[in-house]
Amino acid sequence: MPGPGAAALALPLLALPLLALPPTPPPTLPRPQPHGPRRVLEKEAQFNTTYADWVDADLLNIYAFNHSVCRNRTEGVRVSVNVLSDHKDLPVLFVVRQKEAVVSFQVPLILRGLYQRKYAYQEVSRTLCQPQTKAEVETQHFYVDVSTLSLNASYKLRVTHVENFVLRTNERFSFNATAAQPQYFKYEFPEGVDSVIVKVTSAMAFPCSVISIQDILCPVYDLDNNVAFIGMYQTMTKKAAITVQKKDFPSNSFYVVVVVKTEDEACGGALPYYPLSKDAAPDEPVDQHNRQKMLEVMVSPAITSEAYVSSVLFCLGIFLSFYILTLVIACWESCRQQKRKGLLAAMDSPSLDTASLLGHARSIPDSFLGHSPYDSYGYGSFGNGSSGSTEGVTDSMGSAEVPYGYVGQEQFKRRTPFAPLRPLSIAMGERSLENVASRPRLDSLSSVEEDDYDTLADIDYDKNVIRTKQYLCVADLARKDKRVLRKKYQIYFWNIATIAVFYALPVIQLVITYQTVVNVTGNQDICYYNFLCAHPLGNLSAFNNILSNLGYVLLGLLFLLIILQREINYNRALMRNDAHALECGIPKHFGLFYAMGTALMMEGLLSACYHVCPNYTNFQFDTSFMYMIAGLCMLKLYQKRHPDINASAYSAYACLALVIFFSVVGVVFGKGNTAFWIVFSVIHIVATLLLSTQLYYMGRWKLGEVGGTAASRVGGGQRSGAPGATSPLPADSGILRRILHVLYTDCVRQCSGPMYVDRMVLLVMGNIINWSLAAYGLIVRPNDFASYLLAIGICNLLLYFAFYIIMKLRSGERIKLIPLLCIIGTSVVWGFALFFFFQGLSTWQKTPAESREHNRDCILLDFFDDHDIWHFLSSIAMFGSFLVLLTLDDDLDCVQRDKIYVF
């Protein structure tokens, strides 16, 4: 008998096989096993009959159906099932076998949503794909197989014919759909109809749904997880519209598929509450119960090819009529010039009238110039005879006869009434024009720089005296060499032309790519069209929105032609040594006008590019040149009376680039971002104050000091003392300390009013408006930041234009007939244009489905919508605004510049 030692030795030996065994797998749920041979039960079934039955792991139920199919008539067949048992892990499988297709689905049907959420549906309905037949009448059979691995599962089965499966033209049809019970219908193109528009509407925004257009193929993708696999599709809340062309469907028919999504996030709705209990698994499906939507569908013919032709001709006719009108006005002006030829010869000068729209040079007798209505104001360097004032002693043009002309021309002797003031002027450090006029004037401008031919002293001494006078005339701010200024302002045109080329080429390439992606994928949620009035042409989805931008291009080109004609007439007048072209009227500089016309043409091109596929990522294409147009118009208005001190092209375009930068940043990061709005509002206010100071002092101010002397003080009460006087503050004083000192001395101690009252009124009003706009943006935080930024520019432009008109009339000047008609007509057109702009047919600030709620039908020729009319009217209004700027001061063409008031 073995002892205890043997037992102890046997235990480790017995444990060795146990250690060699693999680990025991975790326990799993028992799977039902067939208790015997699998049984197949086939039943002859009838349509419109509900079969309440059961199935288990040993049983396969087969239901055999047959129906007659006609070649010229299509009937839909729909299979509806409802599983009564609650075995989510052991679903019931339904397989429908047809002649040319197989459809299978399980119940409960599991569909996934965002973040892989699962949603279970116990009741499922599917429409069967109908195979084509070549016979007149054919009997087709199909079978419904029901199987499961569950021990026992009860279900109900019903097969029915679909009423109104084939949609009729211009007839509405209503139906219900759920995520597990999608619907689709067939439409066949009638004879003579090449394109139709499918409109689907619903009274309820949610649940979110998808509308798809698919070719007549099997299978039909009609579930939320596969509806985007083929065809064209778009999400929908209350409205959806898809234009379908016959050429895209070889069978001349298509399916309209309507699917309800499991979640509303794609349509801008909130995500549903996803319950999680302690006992439930993380991926436990959620039953959405009755998530149902009532919809209505209607298919109507789209416009014909004749409508395309008539719309194009209409668009061309509107804008080409402006060319004809301009030509008529030019001929009329030419006839008037011929009739006055005798008078002109007798007076040895052009007509008494001022320049026309095309800029014909005119003049009046010298005797009339001595009786200007501006003498009573005493403005300008010639009209102020007070020896005690700064103006009277600082006129650098006060020589008796100053030669002023171009190479190859007889020098025009400029007559001035204050010859005795010349020695005093020279004593003040002033430089005569003689040394400039004696230099040869070359036709080439490549070697001419602005600082080389400055008619003022090289130091800032004379500039400070002249530009800080209380009353300025245009002659005071038109002292620089004309060739230098011409080159300076030509840079505006060449810079914007260069910007346009580098900007437009990648834009065109990008929008072509967008359109290609839309056409290939069929995803119509990429672009925010007005789908109820989007007429395709070729590869373009909305040709009408592109065509309506033609006005910007044609009218911009017409404006460039008008400017070219004006410049030619002006240069001819200079070649004739015309006195009025040299010494009278607002100085003629055409560079900014050329830049404005180019910007208008580029606005049309880039707006057309934007409307190829309008969306969140390319909005700046449509707005960039709007900012540039607003900025150029303000610069041109300022240049009229301040030609010597207007901003250079480089600084102007740099500021506009900064505006566009803020526009992009605001749209991308500004929505609901408090920090961004605070920073932007502060920058807006600071920029307004700096610009106000620059305009108030005509650029002759400095916060810093050089060598203990201040070029100009910051404040409004300085009335005496020559600029350049020693500052009472030491050179190392801080900026804030100097500002406070000026405010104390001018506003508290002396209590003096502003020196430049008119400028102060304008700038105070401008600051009130800009501060109000900044406060509005900070409080309201509008979603459309691009439009908000554009509104700031337009408000400032309108304010400055109104100030210019008021001051012009206040100065005794008048507005001629042509600019007056342009002002009235342009104002009316702008009013109607803004009405159509604010209709808001789409918005990329919402989801594509929400944007389609704003879609509207065409209102003009069944081809153009409200936004197209905005394009028409705004292009005309911009053209009219440019003409106003061009002709506004034509009444001054016979007035000497020393009699024209600066404001």
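What follows is a walk through a predicted model, from its sheets and loops to its helix packing.

Let's start with the strands. Strands of a sheet pair through backbone hydrogen bonds, either parallel or antiparallel. Here, one open sheet is built from four strands in the order β2-β11-β4-β9, with antiparallel pairing. At its edges stand β2 (50-55) and β9 (123-128), each with a single partner strand, so one side of each is left without a neighbour in the sheet. Going from one strand to the next, the twist averages 20°. If you want to look at one pairing closely, take β2 with strand β11 (residues 153-162): these two run antiparallel and share six bridges. To get the register, find D53, which sits opposite Y155 in β11.

Just ahead of β2 there's a backbone detail to check on your Ramachandran plot. N48 has a phi near 60°, a positive value in a residue other than glycine. You'll find N48 in the loop between β1 (39-44) and β2.

A second open sheet also has four strands, this time in the order β13-β18-β15-β16, and its pairing is antiparallel. The edge strands are β13 (183-188) and β16 (232-236), each pairing on one side only. Ignoring direction, neighbouring strands in this sheet are turned against each other by 20° on average. Inside it, strand β15 (residues 209-215) and strand β18 (residues 253-260) are antiparallel partners over seven bridges. For the register here, look at Q214, whose bridge partner in β18 is Y255.

Now for the prolines, since omega deserves a look too. The peptide bond from F206 to P207 is cis, with omega near 10°, and P207 belongs to the loop between β14 (195-201) and β15. Another cis peptide bond links V107 and P108, where omega is about 5°. P108 is in the loop between β6 (102-107) and β7 (109-112).

Next come the covalent cross-links. A disulfide is a covalent bond between the sulfur atoms of two cysteines. Searching the whole structure turns up four disulfides. One of them joins C129 to C218, with an S to S distance of 1.7 Å. The torsion about the S-S bond of C129 and C218 is about -80°, so this disulfide is left-handed. Where do C129 and C218 lie? C129 is in the loop between β9 and β10 (137-148), while C218 is in the loop between β15 and β16, so the pair ties together parts that are 89 residues apart in sequence. Remember that β9 is an edge strand of the sheet containing β2, and that β16 is an edge strand of the sheet containing β13.

On to the helices, where α19 is a handy reference. Helix α14 (residues 620-641) packs on helix α19 (residues 785-810) at an angle of about 20°, and their axes are 10 Å apart. With angles under 35 degrees counted as roughly parallel, α14 and α19 are therefore roughly parallel to each other. The crossing of α14 past α19 is left-handed. On the α14 side, the contact includes T623, M626, Y627, A630 and C633, and on the α19 side it includes A786, L789, L790, G793 and N796. By class, this contact has 14 nonpolar, three polar and three charged residues.

Helix α18 (residues 757-780) packs against α19 as well, at an angle of about 160° and with the axes 11 Å apart. Are α18 and α19 roughly parallel or roughly antiparallel? They are roughly antiparallel, because angles over 145 degrees count that way. The crossing of α18 past α19 is right-handed. Among the residues that meet are D758, L762, M765 and G766 in α18, and Y788, I792, C795 and N796 in α19. This contact has 13 nonpolar, four polar and two charged residues. Notice N796, which is part of the α14 contact and also of the α18 contact.

One more helix pair rounds out the tour. Helix α13 (residues 591-612) and helix α22 (residues 866-887) pack at about 175°, with axes 11 Å apart. These two are therefore roughly antiparallel to each other. The α13 side of the contact is made by F593, M596, G597, L600, S607 and H611, and the α22 side by H867, H871, M878, F882, L885 and L886. In this contact, seven residues are nonpolar, five are polar and none is charged.

Notes: Residues numbered from 1 in each chain as written. Predicted model: local features only at pLDDT ≥ 70, side-chain atom pairs only at ≥ 80, totals over all residues. Heavy atoms only, no water. Axes fitted to C-alpha atoms, helices over the stretch in contact; angles between N-to-C directions. Parallel < 35°, antiparallel > 145°, perpendicular 65-115°, else oblique. Left-handed = near helix turned anticlockwise from the far one by under 90°. Contact = heavy atoms within 4.5 Å. Nonpolar A, V, L, I, M, F, W, Y, C, P; charged D, E, K, R; others polar. Pairing = 2+ DSSP bridges. Disulfide = S-S within 2.5 Å.
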